[in-house]
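Work through the exercises below with the sequence and the structure at hand, and try each task before reading its solution.

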Amino acid sequence: MTSGTDALKRAAAARALESVRDGMVLGLGTGSTIRFFLDLLGERVRAGDLSTVVGVPTSRRTAEIARGHGIRISRLRAQPRLDLTVDGADEVDPRGNLIKGLGGALLREKIVAQASDRFIVIVDESKVVERLGTRSPLPVEVTRFGSSRHQAFVVGLGAEVALRRAADGSRYVTSNGNYILDARFPEGIDDPVALNGSLRARAGIVENGLFLGMTTRALIAAPGGVRTIEPDGTAAPGDTR
Ligand code: 5RP
């Protein structure tokens, strides 16, 4: 049975698919919302009208799902410039800034998004926040070497920090061999640009889940329909495709 949230994720995914043309090179994000996008894209690949689309996946899981649908898969080395990346998010603010990485793929997701001409984000309405950091912790990917020092550094920035654990209780390790610190800011993130700068300047912090000024368009699915947020801060009611 499909839940209400799943129906919204699917609606956002279906809207994003309208931006896909045959022959495009697509960055393929990671997560449960992207799963719907891959399912819908796979239907069109098998139907033949998007059969020459090439996908660059951001995780092993996404690569497996895409392959299972018959979607051609490639790598950044072979496809240095992507037409479009479609990905989910954990939070979207009114200017289309994001927190990503609860699924653990933030580094590859950011690399692929930055290699793309356009970056479309698909979410259900529960992900929309006024201030980043109020709903989700900020995932921070750090080297294993010195991880307790990285944790202390992020605590010093005002966060409550937990080292991410896998389901079996062991330390979660990313596809890049790093740990993730989940940083909760009790009042949300006051100045995301400054926080991003502080994190980026620190040795051993590999990447963080703030995706600032990167979104071309966020598609927000609610029971009343899919609305868009454009990067200039305009939240457009209805379809502005
Ligand atoms: C993975 C991500 C995902 O895009 C994000 O966690 C959203 O996932 P979902 O669609 O399952 O809510 O950033 O690293």
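**Exercise 1.** Find which residues are linked with Lys100 in a network of salt bridges.

*Solution.* Begin with the rule: a salt bridge is a side-chain nitrogen of Lys or Arg within 4 Å of a carboxyl oxygen of Asp or Glu. Applying it shows that Asp87, Lys100 and Glu109 are linked in such a network, and by this rule the count comes to 13 salt bridges.

Before going on, note that this is a predicted model, in which local features need pLDDT of at least 70 and side-chain atom pairs count only at pLDDT 80 or more, whereas totals for chains, interfaces and linings use all residues. Residues are numbered from 1 along each chain as its sequence is written, and side-chain values use heavy atoms, with hydrogens and water left out.

**Exercise 2.** Decide where Arg164 and Asp182 lie, and whether they are buried or exposed.

*Solution.* First, take the distance: the closest N and O atoms of Arg164 and Asp182 are 2.8 Å apart, and the two residues form a salt bridge. Next, place them: Arg164 is in the loop between β9 (160-163) and β10 (179-184), while Asp182 is in strand β10, so the pair ties together parts that are 18 residues apart in sequence. Strands here are DSSP runs (E, at least two residues), numbered from the N terminus. Finally, both Arg164 and Asp182 are buried, where buried means under 20% relative accessible area, exposed over 50% and partly exposed in between (1.4 Å probe, protein chains only).

**Exercise 3.** Describe the surroundings of Lys127, starting from its place in the chain.

*Solution.* Lys127 sits in the loop between β7 (116-124) and β8 (138-142). Although Lys127 is buried, it has no salt bridge, and the nearest side chain of opposite charge, Asp124, is 4.4 Å away; Lys and Arg count as positive and Asp and Glu as negative, with His and the chain ends not counted. Leaving aside neighbours within four places in sequence, the contacts of Lys127 (heavy atoms within 4.5 Å) include Thr33, Asp90 and Arg135.

**Exercise 4.** Which atoms of Thr33 and Lys127 approach an oxygen atom of the ligand?

*Solution.* An N or O atom in the side chain of Thr33 is 2.6 Å from an oxygen atom of the ligand, and a polar side-chain atom of Lys127 lies 2.8 Å from a ligand oxygen atom. As a last step, consider cover: on its own the ligand has 380 Å² of accessible area, and the protein covers 90% of this, the areas coming from the Shrake-Rupley method with a 1.4 Å probe.

Definitions and conventions: Helix = DSSP H or I, 4+ residues; strand = E, 2+ residues; numbered from the N terminus. Polar contact = N/O pair within 3.5 Å; in protein donor to acceptor, adjacent residues only side chain to side chain.
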